[in-house]
Amino acid sequence: MSVDPQQLLRELFATAIDAAHPQQVLEAHLPTDRSGRVIVIGAGKAAAAMARVVERCWQGEVSGLVVTRYGHGAPCEKIEVVEAAHPVPDAAGLAVAKRVLELVSNLTEEDRVIFLLSGGGSALLALPAAGITLADKQSINKALLKSGATIGEMNCVRKHLSAIKGGRLGKACWPATVYTYAISDVPGDLATVIASGPTVADPSTSTEALAILKRYGIEVPASVRNWLQSPESETVKPGDPSLARSHFQLIARPQQSLEAAAVKARQAGFSPLILGDLEGESREVAKVHAGIARQIVLHGQPLAAPCVILSGGETTVTVRGNGRGGRNAEFLLSLTDSLKGLPGVYALAGDTDGIDGSEDNAGALMTPDSYARAAALGLSASDELDNNNGYGYFEALDALIVTEPTRTNVNDFRAILILESTKHDA
């Protein structure tokens, strides 16, 4: 087969990103009537790119304010773009959250609000509840990120410590009509989980948030504990009349990107196996992928090579070492350690937003000789995994993938190319 495996993996990754870019997915979902005044607000890694689409498509008066991660901005003429920190919120995120809330307060039934939402919005739109400081939220956020908690668990806590999430922003817009357009970065595409659901009703409870903090052994100040034990900490619940004019529309999700990559793979002569959105520890998810790849190589099951295993979702990393690297580098390092140079197997793992955790790379590439090449450099895959040093391992192999910010986010993308099956027991 005259295919460059590494080039094909990069093309699959680019296809997945393009399938979720605001330029491709937003315009068709905007209201049919695009005349008159509209207030645009937004939060997330795709917020600035989404705002540009609205500016281009709207015929009436447009104004507003969106917040995105540092480096993820885009030039807008009518909608102000502010950059702030992610994944741990900072003072810039706090200031813009206050301004967003002020912008949508005191609206009337005649007003229309477009809310542009994407992954990262939870940390970027940071407005702590009464009596809770930004420092409190920062320390809790850092602890959750290192704990191995799922995105749903983290956002449950975030919602109940916020003055803007868990439907509170939608409630503040009442009685205006609100159109939320969301790009999902979470397994299951739940509206309540994407960026902690600022404009949708939330069924989770403060009691659940307290239980999550206890489960992961996260110490919190008395002010936080007292708040979570107060009825005031509850989010806006289903059936609340203040959300009756709030509409939610999912415009891109991880499955769309996986399907687009599958089409690209078929065109190149590879049969795709889509495993879907996955959660769990990155290193453990990698072991499952390795087992499937090994079964294909040795036995041609559950499908024959040439083929590609595709998966997405958001895995987690429980930080135990002092190395560098995000979820995708950790996944790929564990995969490399598990396969130990299995012939004919190539892999890519990357974050569709272009940033793996808090590093400058989107992810990395593994080839059949990665394990041996690293060993020749004195690098043990298992030792580097113990130190959570996926970045360092693949940097030494010159195998990091650097895309710069993509201005979209449907979370992780993983592709494992298998060139041939031996189909015999080993």
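Reader: What volume does the largest pocket have, and what makes it a pocket rather than a cavity?
Author: In this predicted model, about 830 Å³ of space lies in the largest pocket. The word pocket is used because the set of points is open, with protein on both sides within 12 Å along at least five of seven lines, whereas a cavity is a set from which a 1.4 Å probe cannot get out.

Reader: Which residues lie nearest the centre of the largest pocket, and which elements give two or more residues to its lining?
Author: The lining holds 44 residues, and those nearest the centre are Pro87, Leu145, Arg327, Gly357 and Ser358. The elements that contribute two or more residues to this lining are α5, α6 and α7.

Reader: How do the residues of that lining divide by class?
Author: The lining of the largest pocket divides into 15 nonpolar, 17 polar and 12 charged residues. Gly357, one of the residues nearest the centre, belongs with the polar ones, because Gly is placed in that class by the convention used here.

Reader: How many cavities of 30 Å³ or more are there, and how much space lies in the largest?
Author: The count comes to one cavity of 30 Å³ or more, and about 80 Å³ of space lies in the largest cavity. Its lining draws two or more residues from each of α5 (121-124), α6 (134-147) and α7 (151-160), and α6 gives the most, with four residues.

Reader: What makes Lys137 a lining residue of the largest cavity, and how is the lining made up by class?
Author: Lys137 is listed in the lining, as are Pro89, Ser122 and Lys165 among others; a lining residue must have an atom within 4 Å of a point, so Lys137 has such an atom. By class, this lining has seven nonpolar, two polar and three charged residues.

Reader: Why is Ser370 called buried or exposed, and in which element is it found?
Author: Ser370 is found in helix α14 (residues 370-376). Buried means under 20% relative accessible area, and Ser370 stands at 2%, so it counts as buried.

Reader: What is in contact with Ser370, and what makes its pairing with Thr367 a polar contact?
Author: Leaving aside neighbours within four places in sequence, Ser370 is in contact with Thr336, Leu365, Tyr393 and Leu397. A polar atom of the Ser370 side chain lies 2.9 Å from the backbone nitrogen of Thr367, and that value falls within the 3.5 Å allowed for a polar contact, so the distance condition is met. The C-alpha atoms of Ser370 and Asp337, which are 33 residues apart along the chain, are separated by 9.7 Å.

Reader: How do you know that helix α3 is mostly covered?
Author: Nine of the 11 residues of α3 (residues 47-57) are buried, among them Ala48, Ala51 and Glu55; each of these therefore has under 20% relative accessible area.

Reader: Where does Cys76 lie, and which residues does it touch?
Author: Cys76 lies in the loop between β2 (62-69) and β3 (79-84). Not counting residues up to four places away in sequence, Cys76 touches Ala48, Ala51, Arg52, Glu55 and Val81, which means that each has a heavy atom within 4.5 Å of one in Cys76. Between Cys76 and Ala286, by contrast, the C-alpha distance is 40 Å, with 210 residues separating them in sequence.

Reader: Which domains does UniProt list, and what is the helix and strand content of each span?
Author: UniProt places "domain: MOFRL-associated" (unreviewed entry) at residues 9-229, a span that is 40% helix and 15% strand, with end C-alpha atoms 49 Å apart. For "domain: MOFRL" (unreviewed entry), UniProt gives residues 307-412, where the chain is 31% helix and 20% strand and the end C-alpha atoms are 20 Å apart.

Methods. Residues are numbered from 1 along each chain as its sequence is written. This is a predicted model: local features need pLDDT of at least 70, side-chain atom pairs count only at pLDDT 80 or more; totals for chains, interfaces and linings use all residues. Side-chain values use heavy atoms; hydrogens and water are left out. Grid points are joined across faces, edges and corners, and a volume is the space filled by probe spheres set on the points. UniProt positions are given in the numbering used here, feature names are shortened, and annotations may be inferred rather than shown by experiment. Buried means under 20% relative accessible area, exposed over 50%, partly exposed in between (1.4 Å probe, protein chains only). A polar contact is a pair of N or O atoms within 3.5 Å; within protein, one must be able to donate a hydrogen and the other to accept it, and residues adjacent in sequence count only if both atoms are side-chain atoms.
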